[in-house]
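Visitor: I would like a close look at a single part of this structure, the largest cavity, and at what surrounds it. Could you walk me through it?

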Amino acid sequence: MADLVLDIKDLVVHYETEDADVHAVNGISFQLGKKTTLGLVGETGAGKTTTALSILNLVPNPPGKIKSGSIVLDGVDVLKLSQEELEKVRGNDVAMIFQDPMTALNPVMTVGEQIAESVELHEKVSKQEAMERAKEMLRLVGIAENRAYDYPHQFSGGMKQRVVIAIALACNPKLLIADEPTTALDVTIQAQVLELMKNLIREYDMSMILITHDLGVVAEICDDVAVVYAGRIVEIGTADDIFNHTHHPYTEGLFDSLPNLKERGEELQPIKGLMPDPSNLPPGCSFAPRCPYATDACSKKVPELRPVGGTSSSKHMVACDAYDDPKFCLRRNKDGK
Amino acid sequence: MAKKANTVSTNNDVIKSRSQFQEVFHRLLKNKGAVIGMIFLLVLVIIALISPLAFDYETQVIGQNMADRLQGPSAAHWFGTDEYGRDLFARIMWGSRYSLIIGFGAVTIGLVVGTILGAIAGFKGGIWDQLIMRFIDIFYSIPNIMIAVVIVSVLGTSTVNLVIALSFSAATGFCRVVRAAVMTVRDQEYVESSYAMGLPTWKIIAKHILPNCLSPIIVQYTLQVGTTIISASSLSFLGIGVPAPAPEWGALLSGGRSRMRDASYLCVLPGLAILFTVLALNLLGDGLRDALDPKLKK
């Protein structure tokens with residue numbers, strides 16, 4: 001337990017609007033060790049961002065409501081903290097990088113001021129010291145110091161994202177939450193930014209939660225991966241487990257919908273159907289209506305996460321009741337090996 | 001563009017780059033109307049400031065001198081004299097003080113009140129939004145002059161009461177403008193990320209939200225001052241604004257009305273003063289709007 005940074009248990013978050021009760025997160029549990037990077041993978045609307053916002057207790061309320069569960073961050077349950085205590089945690093212990101660097105910076109403040117703002121807030125330093133620190137952070141992310149006095153509109157998208165990273169890292173957080181940090185960037189810049197994040201995390205001994213729907217990015221930097229579907233974790237394990245010993249039909253579907261480098265002519269096989277409406281989830285396994293392996297039993301009971309065993313690591317768990325049958329095996333695993 | 005590239009790519013010296021407002025000012029200077037408006041207002045402010053030095057209020061502005069009554073414009077009295085022999089030039093100069101103080105005073109009060117209410121309504125939303133905006137709608141539905149007449153008749157006629165009365169209608173305008181602006185800025189990612197950074201809410205509103213709402217507020221401010229000056233003059237014209245014998249422009253118009261046939265300058269000159277002042281404010285306001293949002297124009 002000592003080397004855990006984050007321990008989420010049975011997190012349930014609903015968005016209660018006038019006409020529907022949206023079940024965004026339905027009992028997510030996971031743990032994150034020191035210096036590890038966890039990738040949260042899933043479709044749009046699967047509840048990844050909501051989970052991340054819950055860690056900072058920032059779910060917009062109303063309409064969002066954290067119904068139950070606990071989020072223990074470095075020994076403290078963030079859901080039980082007062083507003084003032086939360087403000088101390090935010091930015092200091094946990095920092096967040098948002099999706100779109102174009103809008104994540106305040107257009108009327110210089111980037112230096114924006115980095116210094118966070119430093120000033122959490123550490124007892126003078127304005128000058130904070131500004132010095134801001135310049136140092138800029139240098140760290142590969143931007144010339146003298147640009148601290150420039151405004152965001154004078155930066156390109158990739159550089160803005162670097163600035164955003166600099167802001168997030170300025171106070172040396174223990175945990176960095178990156179919400180699709182590269183989605184808005186083009187591929188070459190993506191690679192640069194990912195490389196930068198990877199190095200900085202190693203250098204600063206930070207843990208990171210990387211939210212993405214890009215499996216390539218996950219393979220690149222994540223130690224652990226959690227696949228999220230309709231507000232539940234359907235498969236969790238090390239990157240090796242997920243990529244090489246895929247066990248959940250949904251994860252398999254995700255891989256099948258990627259272009260295959262080896263067989264270029266092959267058609268893509270998207271997962272049939274759409275994500276269920278989170279305000280009206282199907283009973284039992286929420287993936288059952290789209291699952292090629294589904295049986296009647298699947299829509300009766302919500303599957304629990306179960307250890308996979310076998311060749312996988314001890315961390316590898318899957319939420320699929322088809323494994324009640326010891327002979328059950330995904331198509332991918334069958335003809336793959 | 002070329003200029004910007006230069007400032008960015010030079011050596012290690014600390015370079016103060018152009019902020020958004022410097023850019024805006026630069027664009028504003030290219031707009032002839034706005035520059036004319038600005039110069040006129042500047043001159044007007046200077047006139048208002050030096051008029052006590054040029055004319056003595058007791059003797060020259062309100063002191064009656066029946067021997068000189070109703071003289072047309074001449075070298076001794078540039079704008080002529082009114083029916084009590086008071087120098088119209090001196091009175092119009094002094095009048096600029098009233099118009100500017102009332103105009104800017106009422107709008108500034110309106111700005112503060114309206115911005116606070118609008119920011120709460122826009123930021124909190126829900127029931128607060130409903131309460132504040134419906135309250136503002138009530139005021140909006142009554143003509144400005146009517147509200148002012150009621151307030152002045154309750155409080156009594158004085159310059160201060162006139163400012164209070166006019167600030168009501170100014171506040172409603174600001175409240176709407178600020179609410180709309182706050183609502184768009186509120187959901188921007190940099191606001192969300194300031195929460196994630198641990199900034200307290202009041203700081204987020206003061207440092208991140210309101211500064212990004214400034215453009216519409218500035219435009220509203222300049223245009224509203226013009227409207228308020230007209231309202232103030234209208235009220236004085238009706239006799240419930242600045243009490244006589246103070247030389248408010250509207251009061252001058254009203255005083256000259258009965259002499260329109262034989263001494264038309266008594267009406268024309270104060271009228272022109274009001275006209276040019278409001279025109280200058282509107283030119284500046286329009287120029288600011290274009291400068292603050294160049295996309296709108298093209």
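Guide: Here is a tour that begins with the model itself, moves to the cavity, and then follows the parts around it.

Please keep in mind that this is a predicted model. Its scores are ipTM 0.77 and pTM 0.78. For chain B, the mean pLDDT is 86, with 92% of the residues reaching 70 or more. One stretch of that chain calls for care: over residues 1-15 of chain B, pLDDT stays under 50. The model has 14 contacts beyond four places in sequence for that stretch.

Now to the cavity. Searching the whole structure turns up 5 cavities of 30 Å³ or more, and the largest has a volume of about 120 Å³. Its lining draws on both chains: Gly91(A), Ala95(A), Met96(A), Phe98(A), Ala104(A), Ser118(A), Val164(A), Ile167(A) and Ala168(A) on one side of the list, and Ser193(B), Ala196(B) and Met197(B) on the other. Three elements give two or more residues each to this lining, namely strand 6 (94-97) and helix 5 (157-169) of chain A and helix 9 (189-196) of chain B. Helix 5 of chain A supplies the largest share, 3 residues. In chemical terms, the lining of the largest cavity has 9 nonpolar residues, 3 polar ones and no charged ones.

Let us stay with the element from chain B. Helix 9 of chain B is mostly covered, as 6 of its 8 residues are buried. Those buried residues are Glu189(B), Tyr190(B), Val191(B), Ser193(B), Ser194(B) and Ala196(B). Two of these names, Ser193(B) and Ala196(B), also belong to the cavity lining. Why might these two share a direction? An α-helix has 3.6 residues a turn, so residues three or four places apart point the same way. The buried residues of helix 9 of chain B pack against strand 6 of chain A, and also against helix 8 and helix 10 (201-209) of chain B. Just after helix 9 of chain B comes Gly198(B), which takes a positive phi of about 95 degrees.

One of those packing partners deserves a visit too. Helix 8 of chain B runs over residues 159-186 and holds Ser169(B). With a relative accessibility of 11%, Ser169(B) counts as buried because the cut-off is under 20%. Beyond residues up to four places away in sequence, Ser169(B) touches Asn144(B) and Gln224(B).

Stepping back to chain B as a whole, the chain has 14 helices and 0 strands. The C-alpha trace of chain B spans about 75 × 50 × 35 Å along its principal axes. Of its 298 residues, 46% count as buried. Among the contacts in chain B with a separation of 6 or more, 70% join residues 24 or more positions apart.

On the chain A side, we can follow helix 5 past its end. Ala170(A) sits in the loop between helix 5 and strand 7 (175-179) of chain A. Ala170(A) counts as buried, because its relative accessibility is 1%. Leaving out neighbours within four places in sequence, the contacts of Ala170(A) are Ile115(A), Val119(A), Glu123(A), Arg133(A) and Met137(A). For a sense of distance, the C-alpha atoms of Ala170(A) and Thr212(A) are 23 Å apart in space, and the two residues are 42 apart in sequence.

Another helix of chain A makes a good companion to this picture. Helix 9 of chain A, residues 249-256, is largely enclosed by the rest of the structure, because 7 of its 8 residues are buried. Pro249(A), Tyr250(A), Thr251(A), Glu252(A), Gly253(A), Leu254(A) and Phe255(A) are the buried ones.

Finally, a word on the cysteines. The structure holds 0 disulfides over all chains. For Cys320(A), the closest cysteine sulfur is in Cys291(A), 6.1 Å away, so the pair is too far apart for a bond. Cys320(A) is buried, with a relative accessible area of 8%. In chain B, the sulfur of Cys213(B) lies 13 Å from the closest cysteine sulfur, which is in Cys175(B), and that is too far for a bond. Cys213(B) is buried as well, with a relative accessible area of 0%.

Methods
Residues numbered from 1 in each chain as written. Chains lettered and ligands numbered in written order. Predicted model: local features only at pLDDT ≥ 70, side-chain atom pairs only at ≥ 80, totals over all residues. Heavy atoms only, no water. pLDDT = per-residue confidence, 0-100. Contact = heavy atoms within 4.5 Å. 1 Å grid on protein atoms, 1.4 Å probe; cavity = no way out; pocket = protein on both sides within 12 Å on 5 of 7 lines; lining within 4 Å. Points joined across faces, edges and corners; volume = space filled by probe spheres on them. Helix = DSSP H or I, 4+ residues; strand = E, 2+ residues; numbered from the N terminus. Nonpolar A, V, L, I, M, F, W, Y, C, P; charged D, E, K, R; others polar. Disulfide = S-S within 2.5 Å. Buried < 20%, exposed > 50% of the residue type's maximum accessible area, 1.4 Å probe, protein only.
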